[in-house]
Amino acid sequence: KGEFDSAAAYYERVLSTGRHDARVYFNLGNAHFRKNRVGLAILNYEKAKQLRPADSDIDANLAFANLSTVDKIPPRPGGFFEKLLWRFHTWQNTSTQAVAFLLLLYLLATAFLLWITLSGGLKALLGACVLVLFFFLVPLSGSLFYKMAQEDKIRSAVALASETKARNAPDGDQILFTVHEGAKFTLSRKVGPWYLAALDNGLTGWVSEEDLGLVEIFR
C-alpha cells in the first residue's frame, strides 16, 4: 500500500522480539530503500545475506541498492582461483557449513570403515568414494574453521551518515578519505568510539561508530 514507514516499524518490532529471519531483514531493507534510505537498506540486506548467503533475491536487491550509492568502490583485484575460493567460502553461513562438515565427516568415516572391511570390486568403488569425500572435506573444513576463528575478530559495517570521514587516528586531525551513505567497511579494531575500518579497495582509516551500522545479528 506504499506505507513504507509503518511497514519498517512493524519489521523492527518483529526483530526486537528476537525473531531473526532473513525474510524480515530483506523486507525491512526494501521498505528503507523505497524511502531512499540507502544505507539502512544495504545494512538490512547484508544482515539478510548473513542468514541466507545463497538467496538470489537478496543478492539482486543488494546489488541494485549498491548502484544507488555515491561511491563505487571496486574490490582489490584477484585471480580466478582466489575469486572461486572466496565464492566457495561465502556460499553458506557458518551454521549450514558446520552441518555440511559433520555430514561429510560421517560419510567419510563410514566409507573408510567399509573400505577396510570389504574386498573385491566394491572395495575399489568405496576407495574412490573416500577420495572424493576427502577432496570436498578438506576445503570445507578449512573454510569453516577460518570463518569461526574470524567471526569474533573481524566485523563489517555500513556507513549510515551522509558523509563518513576516515581519520589517521582515533579522533585524529587528518582526514584520509571521505565516503558516503551505503559504503561498506571491514572493521578490525576498536578504540573507544572509533573503529579501524577498511574499504574493499584497501583504504583504511579510523571511523566514528556513530556513522556506522554493524552487520551483526544480535541474538
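**A walk through the chain**

Start at the N terminus and read along: the elements go α-α-α-α-α-α-α-β-β-β-β-β-β-β. That makes 7 helices and 7 strands in the protein chain. Keep in mind that you're looking at a predicted model. Of the 219 residues in the chain, 37% are buried. The accessible surface adds up to about 13,600 Å², and 61% of it belongs to carbon and sulfur atoms. How does the chain meet itself? Take the contacts between residues at least 6 apart in sequence: 58% of them join residues at least 24 apart.

Now zoom in on helix 3, which covers residues 38–51. You can do a quick check on its length: at 1.5 Å a residue, its 14 residues should span 20 Å, and the end C-alpha atoms are indeed 20 Å apart. Is this helix mostly enclosed or mostly open? Look at the burial: 11 of its 14 residues are buried, so helix 3 is largely enclosed by the rest of the structure. Among those buried residues are Val38, Gly39, Ala41, Ile42 and Leu43, but also Asn44, Glu46 and Lys47. And what does the covering? Helix 2 (22–34) and helix 4 (56–66) are part of it, and so are strand 1 (155–159), strand 4 (184–191) and strand 7 (212–214).

Just past that last strand, there's a residue worth a stop. Glutamate 216 sits in the segment after strand 7. Its relative accessible area is 15%, and since buried means under 20%, glutamate 216 counts as buried. Who are its partners? Leaving out neighbours within four places in sequence, glutamate 216 is in contact with Lys47, Gln50 and Arg155. With arginine 155, there's a polar contact from side chain to side chain, at 2.7 Å.

Next, the charged pairs. Side chains of opposite charge can pair when their charged atoms come close. The structure holds 9 salt bridges. One of them joins helix 3 to a helix that helps cover it: aspartate 59 and lysine 49 meet through their side chains, 2.5 Å from N to O. Aspartate 59 belongs to helix 4 and lysine 49 to helix 3, and the two are 10 residues apart. Both partners are partly exposed, aspartate 59 at 32% relative accessible area and lysine 49 at 25%.

Aspartate 5 is busier, as Asp5, Lys35 and Arg37 are linked in a network of salt bridges. With lysine 35, the closest N and O atoms are 3.7 Å apart. Aspartate 5 lies in helix 1 (residues 4–16) while lysine 35 lies in the loop between helix 2 and helix 3, so this pair ties together parts that are 30 residues apart in sequence. The side chain of aspartate 5 also meets that of arginine 37, at 3.0 Å from N to O. Arginine 37 is in the loop between helix 2 and helix 3 too, 32 residues from aspartate 5. How covered are these three? Aspartate 5 is partly exposed at 43%, lysine 35 is partly exposed at 37%, and arginine 37 is partly exposed at 24%.

Finish on the surface, with side chains of another kind. Phe112, Leu113, Trp115 and Ile116 make a nonpolar surface patch of about 390 Å². One of them, isoleucine 116, is found in helix 6 (residues 94–117). With a relative accessible area of 46%, isoleucine 116 is partly exposed.

Methods:
Residues are numbered from 1 along each chain as its sequence is written. This is a predicted model: local features need pLDDT of at least 70, side-chain atom pairs count only at pLDDT 80 or more; totals for chains, interfaces and linings use all residues. Side-chain values use heavy atoms; hydrogens and water are left out. Patches are made of residues with over 30% relative accessible area and no salt bridge: like charges are joined within 9 Å, nonpolar side chains (Val, Leu, Ile, Met, Phe, Trp, Tyr) within 5 Å. Accessible areas come from the Shrake-Rupley method with a 1.4 Å probe; for residues, only the protein chains shown count as cover. A salt bridge is a side-chain nitrogen of Lys or Arg within 4 Å of a carboxyl oxygen of Asp or Glu. Helices (H or I, at least four residues) and strands (E, at least two) are DSSP runs, numbered from the N terminus. Buried means under 20% relative accessible area, exposed over 50%, partly exposed in between (1.4 Å probe, protein chains only). The expected span of a helix is 1.5 Å times one less than its number of residues. Contact means heavy atoms within 4.5 Å. A polar contact is a pair of N or O atoms within 3.5 Å; within protein, one must be able to donate a hydrogen and the other to accept it, and residues adjacent in sequence count only if both atoms are side-chain atoms.
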